[in-house]
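Ready for a few short exercises with worked solutions? Have the viewer open and try each task before reading on.

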Amino acid sequence: MDTIEQLIADIMVDEQNATYTQQGIKPLFTVPKTARINIVGQAPGIRAQESGLYWNDPSGDNLRKWLGVDREIFYDSGLFAVVPMDYYFPGTGKSGDLPPRKGFAEKWHKRTLAFAPNIELHILVGFYAQRYYLQQKSSVTLTETVKHYQTYLPQFFPLVHPSPRNNLWQARNPWFAKEVIPDLQKRVKEILAK
C-alpha cells in the first residue's frame, strides 16, 4: 500500500514536474482519510502555490460561500479533499491561467484518491474537471453542464469556476444563484452532518 509521502515523492521525481521540484515547489493537494467531499478544480493559482495553501484567494472565498462553510471547516475539519486536475500552477496565458497539463490527472488521480475512500461527492469546478470526470464530448458547454447538474448527482456536482471574473456569467445566468447554490449548500450540509 502506498503512503502519502511515497506518492508525493513519486510526483516530485516525475519528469513532467522536474522544473517545479528544482524550484522547491511541492505538489498542492490534500486527501485526508476522513474526507467526504472532494473539490476538483483546474490547478492551483499562483497565490495558492506561493502560500502553499489551496483555494487561498478570492476564488476560494467565493467557493467557501457557495459551499456554505467557513475557512476552519474547509481547511481543518478533515472533511474536504482538494485534488485538482494539476497539482502545480501551470502559468499565465492571454486570458488567465493556462489549462492544467495534459495527462496529469490520468497519471495521479486514482492513486491520490485511494487515500480518501469515504468521498461521497466530487465537486467539479470548471470545464477541465467536468470534461475529465463526466467524460463529455467537446460539444457540451460548461453552462449546459452546470444547468443540468442534477443529471450527474449523487456522485458529481458540476460548478462554474468561482473566480470574480465569472461575475458576468453569474449575472447572465441568475438560475445559478437561485437554484444551484442552495442545492449545493444543502447537499454539503447533509454530507458533513453524517
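Nine is the number to keep in mind for one topic below: the structure holds 9 salt bridges. This is a predicted model, in which local features need pLDDT of at least 70 and side-chain atom pairs count only at pLDDT 80 or more, while totals for chains, interfaces and linings use all residues. Residues are numbered from 1 along each chain as its sequence is written, and side-chain values use heavy atoms, with hydrogens and water left out.## Exercise 1: place a histidine in its sheet

Task: find the partners of histidine 122 in the strands on either side.

Solution.
- Step 1. Begin with asparagine 38, whose bridge partner in E5 is histidine 122. Helices (H or I, at least four residues) and strands (E, at least two) are DSSP runs, numbered from the N terminus.
- Step 2. Look at the pairing as a whole: strand E1 (residues 37-40) is parallel to E5, with 4 bridges. Two strands pair if DSSP finds at least two bridges between them.
- Step 3. Turn to strand E6 (residues 156-159), which also runs parallel to E5 and is joined to it by 4 bridges. Here histidine 122 stands opposite phenylalanine 156.
- Step 4. Check burial, where buried means under 20% relative accessible area, exposed over 50%, and partly exposed in between (1.4 Å probe, protein chains only). In strand E5 (residues 121-125), 5 of its 5 residues are buried.
- Step 5. Sort the side chains by direction: His122 and Leu124 point one way, Leu121, Ile123 and Val125 the other.

## Exercise 2: follow the charges around arginine 111

Task: which residues does the salt-bridge network of Arg111 join?

Solution.
- Step 1. Recall the principle: side chains of opposite charge can pair when their charged atoms come close. The criterion used here is a side-chain nitrogen of Lys or Arg within 4 Å of a carboxyl oxygen of Asp or Glu.
- Step 2. Take aspartate 2, whose salt bridge with arginine 111 has its closest N and O atoms 2.5 Å apart. Arginine 111 lies in helix H6 (residues 104-113) and aspartate 2 in the segment before helix H1 (4-13), so this pair ties together parts that are 109 residues apart in sequence.
- Step 3. Add aspartate 10, which forms a salt bridge with arginine 111 at 2.6 Å between the closest N and O atoms. This pair links helix H1, where aspartate 10 sits, to helix H6, across 101 residues.
- Step 4. Compare with a separate pair: lysine 194 and glutamate 120 form a salt bridge, with closest N and O atoms 2.7 Å apart. Lysine 194 is in the segment after helix H10 (175-192) and glutamate 120 in the loop between H6 and E5, so parts 74 residues apart in sequence are tied together. Lysine 194 is exposed at 63% relative accessible area, while glutamate 120 is partly exposed at 28%.
- Step 5. Collect the result: salt bridges that share partners join Asp2, Asp10 and Arg111 into one network.

## Exercise 3: a buried aspartate

Task: what does the side chain of aspartate 57 reach?

Solution.
- Step 1. Locate aspartate 57 in the loop between helix H3 (46-51) and helix H4 (58-67).
- Step 2. Search for a charged partner, counting Lys and Arg as positive and Asp and Glu as negative, with His and the chain ends not counted. Aspartate 57 is buried yet has no salt bridge, and the nearest side chain of opposite charge, arginine 47, is 6.1 Å away.
- Step 3. Scan its contacts (heavy atoms within 4.5 Å). Leaving aside neighbours within four places in sequence, aspartate 57 is in contact with Arg47 and Arg64.
- Step 4. Read off the answer: its side chain reaches the backbone nitrogen of glycine 60 at 2.8 Å.

## Exercise 4: map the nonpolar core

Task: which element gives the most residues to the largest nonpolar core?

Solution.
- Step 1. Define the object: a nonpolar core is a set of buried Ala, Val, Leu, Ile, Met, Phe, Trp, Tyr and Cys residues joined through side-chain atoms within 4.5 Å.
- Step 2. Find its hubs: of the 33 residues in the largest core, those touching the most other members are Ile39, Leu67, Phe74, Ile123 and Phe176.
- Step 3. List the suppliers: elements that each give at least two residues to this core include E1, H4, E5, E6 and H10. H10 gives the most, with 8 residues.
- Step 4. Zoom in on phenylalanine 74: beyond four places in sequence, its contacts include Ile39, Trp55, Leu67 and Phe80.
- Step 5. Note a second, separate core of 26 residues, with Met12, Val31, Trp108 and Phe115 among them.

Conventions. A polar contact is a pair of N or O atoms within 3.5 Å; within protein, one must be able to donate a hydrogen and the other to accept it, and residues adjacent in sequence count only if both atoms are side-chain atoms.
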